[in-house]
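Q: Can we go through this model together? I'd like to look at the backbone, the charged pairs and a pocket.

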Amino acid sequence: MGSLDANCIASPRGFSPLDIDDFRQQAHQTVEFICEYYKGIESHPVVPQVEPGYLRRLLPETPSAQPMPFAKVLSEVQATVLPGMTHWTNPNFFAYFPATLSSAALCGDLLASALNPVAFNWLSSPAVTELESLTLDWLAQLIRLPKGFLFSAGGGGVLQATTSEAVLCTLVAARKMVLERAGHDGADKLVVYASDQTHSTFAKACKIAGIAPANIRIIPTAREDLFSLRPDSLRAAMEADAAAGLLPAYVCATVGTTSSTAVDPVAQLAEVAGRFGAWVHVDAAYAGSACVCPEFRHHLDGVDRVDSISMSPHKWLLTGLDCCCLWVRDRARLTTSLSTDPEYLKNRATESGLVVDYKDWQIGTGRRFRALKLFMVMRCYGTANLQSHIRSDVRMARGFEEMVAADTRFEVVVPRRFALVCFRMRPRRAGADGEAEADAANRRLLEEVNNSGGIYATHTVIGGIYVIRFAVGTTLTEERHVKAAWELFRAKADAAWEAAR
């Protein structure tokens with residue numbers, strides 16, 4: 001017998017990784033940590049003031065051999081991790097799109113983690129599957145999706161992690177649908193369509209799905225159309241491809257684009273795509289949440305003619321990352337393209353055809369219990385409070401837009417639709433040189449504002465114009481934060497012009 005490897009260290013006596021008394025104490029400590037964090041969240045710079053590699057300089061290079069007291073680990077998190085966090089829940093976070101959270105969602109996540117199911121099929125945890133199916137039906141009704149997207153009508157919904165997965169899964173389903181119709185040797189002829197405002201996740205999903213890069217049509221949009229995808233532009237592209245012997249397969253329409261919350265005309269695009277038998281997906285990741293309010297529901301008009309739609313409650317519906325809803329009008333098209341049937345998962349419930357096996361609705365097999373937090377958000381807050389939350393953010397964004405419009409140095413670049421304001425400092429002279437100067441000044445302005453640590457906003461380029469994006473929607477944001485942010489932009493505007501010269 002040889003000696004034990006020097007790296008093999010005996011376990012401490014009495015090691016019990018799920019001791020209930022320990023958990024009770026540690027959970028209380030963790031909750032206190034979280035509560036204190038939120039109490040003082042405005043004291044943190046929204047964007048961390050650290051350099052790349054900072055954490056390796058603060059923590060050991062090798063793992064510890066012996067256990068550390070839980071309280072000491074929390075103190076270490078406080079001292080090393082928090083200084084490097086971008087605080088997405090800070091009320092002065094106005095970048096990207098919001099990543100909303102709520103106490104109900106936090107508790108739902110905690111419960112889901114504690115139960116720790118791996119619900120790949122119905123039998124592996126019936127309640128997990130059935131709660132997800134029911135909750136997705138509830139939310140579909142709340143945003144008034146057509147009945148065809150409900151389980152009772154042959155459709156149904158599933159919770160993915162992000163929109164990226166929703167787009168990829170529907171691309172795979174579209175590929176199978178078109179190839180079955182045209183012949184399985186036509187994979188290199190499949191063509192997909194989106195606008196130049198469509199999220200970059202579309203192109204990434206196309207790569208993974210095996211769509212030839214030359215067959216990805218990114219159709220230009222224009223400022224005069226508020227950067228929405230024109231149906232006649234789509235028709236021209238699809239007609240040209242069909243005439244060339246290619247197979248139009250998939251159209252991605254967006255309701256609420258990332259750059260400017262542009263809204264594509266869903267009904268008209270679906271009509272065009274229908275002539276070619278292409279799958280139509282609607283990406284409403286951000287703006288879909290607004291459709292819980294009747295005054296925003298018209299943005300989804302025409303959705304009865306599409307094949308799938310996705311929205312992300314983790315963005316604007318208080319649910320916390322990750323939680324992306326994907327609904328399909330014909331679930332068999334999705335599941336037959338993604339299903340697996342290994343012997344070790346065969347069971348009577350699946351064979352009966354009476355249950356949903358969510359492993360066949362997604363990329364992987366294992367999955368988290370995401371439905372519990374969405375269920376708790378909907379039950380704890382109800383429709384009235386969810387609508388109030390959306391309307392409050394829209395009202396604050398409208399106020400910011402009005403302040404921008406009242407200052408002659410600035411302009412709103414595209415009309416606000418939801419709770420995103422796209423604005424910039426106006427060029428001081430006409431022509432290309434004036435635009436270049438304005439771009440430089442706005443870059444400098446945003447840099448100065450973000451470097452202050454007081455707020456965080458981001459930019460985009462639309463129609464060749466550098467634009468500052470100001471997204472209202474973080475759970476803790478109040479009107480005073482929005483007003484203070486605008487005062488910061490105003491205070492630094494003139495200096496930014498001078499510095500950019």
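Q: Let's start with D322. Is it buried or exposed?
A: This is a predicted model. In it D322 counts as buried, because its relative accessibility is 17% and buried means under 20%.

Q: Where is D322 found?
A: D322 is in the loop between α10 (313–316) and β7 (324–328).

Q: What kind of peptide bond joins L321 and D322?
A: A cis bond, with omega at about 0°. Most peptide bonds are trans.

Q: What does D322 touch?
A: Leaving out residues up to four places away in sequence, D322 touches A161, H314, R368, R370 and K373. With R368 there is a side-chain polar contact of 2.8 Å.

Q: Which residue in the loop between α10 and β7 has a positive phi?
A: L318, which sits in that loop, has a positive phi of about 65° although it is not a glycine. L318 is buried, as its relative accessibility is 8%.

Q: And N116, what is its phi?
A: About 55°, so also positive, and N116 is not a glycine. N116 lies in the loop between α4 (103–115) and α5. At 56% relative accessibility, N116 counts as exposed.

Q: Switching to charges. How many salt bridges are there in the whole structure?
A: The search finds 35. One of them is between R480 and E42, with the closest N and O atoms 3.1 Å apart. That pair links distant parts of the chain, 438 residues apart: R480 is in helix α15 (residues 479–500), and E42 is in the loop between α1 (20–39) and α2 (54–58).

Q: How accessible are R480 and E42?
A: R480 is partly exposed, with a relative accessible area of 49%. E42 is partly exposed as well, at 39%.

Q: What about E132, what does it pair with?
A: E132 forms a salt bridge with R367, where the closest N and O atoms are 2.7 Å apart. E132 belongs to helix α5 (residues 126–142), while R367 is in the loop between α12 and α13 (371–406), and 235 residues separate the two.

Q: Are E132 and R367 buried or exposed?
A: E132 is buried, with a relative accessible area of 1%. R367 also counts as buried, at 6% relative accessibility.

Q: And which residue does D241 bridge to?
A: To R217, with the closest N and O atoms 3.0 Å apart. D241 lies in helix α8 (residues 231–243) and R217 in strand β3 (residues 216–219), so the salt bridge ties together parts 24 residues apart in sequence. D241 is buried, with a relative accessible area of 6%.

Q: Which residues are linked in a network of salt bridges?
A: D407, R409, R428, E487, R490 and D494 are linked that way.

Q: Last topic. How much space lies in the second largest pocket?
A: About 370 Å³. The lining has 19 residues, and the closest to the pocket centre are T350, V355, V356, D357 and D360.

Q: Which helices supply at least two residues of that lining?
A: α11 (331–338) and α12 (348–352) each do so for the second largest pocket.

Q: How does the lining split by class?
A: The lining of the second largest pocket has five nonpolar, seven polar and seven charged residues.

Technical notes:
Residues are numbered from 1 along each chain as its sequence is written. This is a predicted model: local features need pLDDT of at least 70, side-chain atom pairs count only at pLDDT 80 or more; totals for chains, interfaces and linings use all residues. Side-chain values use heavy atoms; hydrogens and water are left out. On a 1 Å grid over the protein atoms alone, a cavity is a set of points where a 1.4 Å probe fits but cannot get out, and a pocket is an open set with protein on both sides within 12 Å along at least five of seven lines; lining residues have an atom within 4 Å of a point. Grid points are joined across faces, edges and corners, and a volume is the space filled by probe spheres set on the points. Helices (H or I, at least four residues) and strands (E, at least two) are DSSP runs, numbered from the N terminus. Ala, Val, Leu, Ile, Met, Phe, Trp, Tyr, Cys and Pro count as nonpolar, Asp, Glu, Lys and Arg as charged, and the others, Gly among them, as polar. Buried means under 20% relative accessible area, exposed over 50%, partly exposed in between (1.4 Å probe, protein chains only). A polar contact is a pair of N or O atoms within 3.5 Å; within protein, one must be able to donate a hydrogen and the other to accept it, and residues adjacent in sequence count only if both atoms are side-chain atoms. Contact means heavy atoms within 4.5 Å. A salt bridge is a side-chain nitrogen of Lys or Arg within 4 Å of a carboxyl oxygen of Asp or Glu.
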